[in-house]
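Here is a quick tour for anyone meeting this protein model for the very first time. Have a look at it, then read on.

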Amino acid sequence: MPKGVTPRSQDYARWYTDVVRKAQLADYGPVKGTMVIRPYGYAIWELLQQAFDRRFKATGHVNAYFPLLIPMSFFSKEASHVEGFAKEVAIVTHYRLRNSPDGSGVEVDPDAKLEEELVVRPTSETIIWSMYKQWINSYRDLPILINQWANVVRWEMRTRLFLRTSEFLWQEGHTAHATAAEADEETRKMIEVYREVAEDEMALPVIVGRKTEAERFPGALDTWSIEAMMGDRRALQAGTSHNLGQNFAKAFDVTFRTEENEQEFVWASSWGVSTRLVGAMIMAHGDDQGLRIPPRIAPIQVVVVPIYKEEDFSRVMQAASALAAELEQLGIRVKLDDRDNMSPGFKFNDWEMKGVPVRVELGPRDLDADTATLARRDTDGKTTVALDSVAPAMPALLDEIQASLFQQALDFRAEHTHTPDDYDTFKELIKEGGFIRCGWDGDPATESAIKAETKATIRSIPIDENPTGLRCIYSGQPAKHEVIFARAY
RNA sequence: CGGGGCGUGGCGCAGUCCGGUAGCGCACCUGCUUUGGGAGCAGGGGGUCGUAGGUUCAAAUCCUAUCGCCCCGACCA
């Protein structure tokens, strides 16, 4: 096995795959497009889950679970929803296997065909709204603020570990409201939660904004997203929140009695983030040494590597485990690397690949001087510090690394965000990747012409847009919106 | 679905053109020496060469079919 990873500059896609596998985040599953999330990768997901779940609860949401299998007929109820997902659903048609006649194995039992075929959920709007119909009668039943953590299946043609797999893990919030204003408020509130987790926990700067009609969720009135820039300057949609209006209520005939005893359709929102975020973290922060995980979502925040010759073994190990215990007391996720079959040099590279924010090296020379050697993953080089200061200073150091990774990502994004005045410049700039912030006349035809010519799409109509005085980069007409163009994942 | 590539010990590959006893590196196991940036030496175990047919005295190698995976494009969180 080659020692490092393919350099990013040489082949970014291969760098990504190398890092995922060498850092032991995930492996390919036996079925095309499937992924095994290994313990280290899953630990990151769990920390993300906690960060989100805490905030969902704090904003009044509760968790529930709806079934994986959905009657196929449900999918015919919301026209644009069908159109959006029909091409990529897995369908269950039978419920039994039998031994094949030639004795070579098993086969589908043709006698066990289902009356109504079942769809493996690609998303749960339909099954959830079929239930909401039963649960909602009056304005007193509203709002319903339910989230579920689940897996979904979308039969993708092209897959990539974490970014797009046939099956992935996510959360999907599905809310029901009495008024349009409430549904809109909910949609905005949750995209703000996503922004906060992305920026504060993942150190991932994102652009909050709305999607154009072309990029909107099938069945939504309005889609909000957070968009991030990856290390190859491409855009990644990291989370979405949809104002579904009354579309699903109408499709599933979900009405309620208002205070005025009027019959009205329910207003809805849905919002989700997925294991794709792990991919976002890898591509936003990783370097040619491997992962760089922001401390708040790092399964291991500090690794202690003891260095010893035989005669130093016991005093080094003693000091190392004392230090690890002291760090743990402070609530820091610490790992003492006591593997004795690997050299220190191997361990340094190994933990760098795995993106651990801080490494503490402790050897005889350090102990003689009452010092420890510190290596930060976000910067190069090592420093020597007093041993008894390591633990007390660690929480602040982790905060500093968190902030530094955010700043690095922010600087990178700023460096690769441009505001050209004419379309020729636009075309030149987009070849290099990055974001282009410019005017758009609001015409879908303009959007699709630009896509056809440059592969760039409108990623976002930023929440802080200011189209006043701007002209459309393509048509030269007065701009209706200020938008972000980019090539995207 | 179009284009390309690849299926050979756990992983990465050579061998295929030109048929003739299946090899290399890493990993693994044992022992000794090592340990401050991917340790060294010695010994050892492990593969019906994706699958199914065919040609041949003989097939990883030639022929036919088939399955799978990866990469690039059209669609998507």
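## A few spots worth a look

Let's start with Thr 454, which lies in helix α13, residues 444-454 (helices are DSSP runs of H or I with at least four residues, strands are runs of E with at least two, and both are numbered from the N terminus). This is a predicted model, where local features need pLDDT of at least 70 and side-chain atom pairs count only at pLDDT 80 or more, while totals for chains, interfaces and linings use all residues. Residues are numbered from 1 along each chain as its sequence is written, chains are lettered from A and ligands numbered from 1 in the order in which they are written, and side-chain values use heavy atoms, with hydrogens and water left out.

Back to Thr 454: with 4% relative accessibility, it is buried (buried is under 20% relative accessible area, exposed is over 50%, and partly exposed is in between, using a 1.4 Å probe and protein chains only). Leaving aside residues up to four places away in sequence, Thr 454 touches Tyr 423, Phe 426, Lys 427, Ile 430 and Arg 487; a contact here means heavy atoms within 4.5 Å.

Now for the cysteines. How many disulfides does a search of the whole structure find? The count is 0, where a disulfide is a pair of cysteine sulfur atoms within 2.5 Å. Cys 438 is in no disulfide, and its nearest cysteine sulfur, in Cys 472, is 7.3 Å away. Seen from Cys 472, the closest cysteine sulfur is that of Cys 438, and 7.3 Å is too far for a bond. Cys 438 is buried, at 5% relative accessible area, and Cys 472 is buried too, at 4%.

The backbone has some quirks as well. Two residues that are not glycine have a positive phi, Gln 24 and Phe 162. Here they are together:

| Residue | Phi | Relative accessibility | Place |
|---|---|---|---|
| Gln 24 | about 60° | 34%, partly exposed | loop between α1 (12-22) and β1 (26-28) |
| Phe 162 | near 70° | 2%, buried | loop between β9 and β10 (167-177) |

Another one to look up is the peptide bond from Leu 142 to Pro 143, which is cis, with omega near -5°. Pro 143 sits in the loop between α4 (125-135) and β9 (144-153).

Last stop: Leu 69, found in strand β4, residues 69-71. Leu 69 is partly exposed, with a relative accessible area of 37%.
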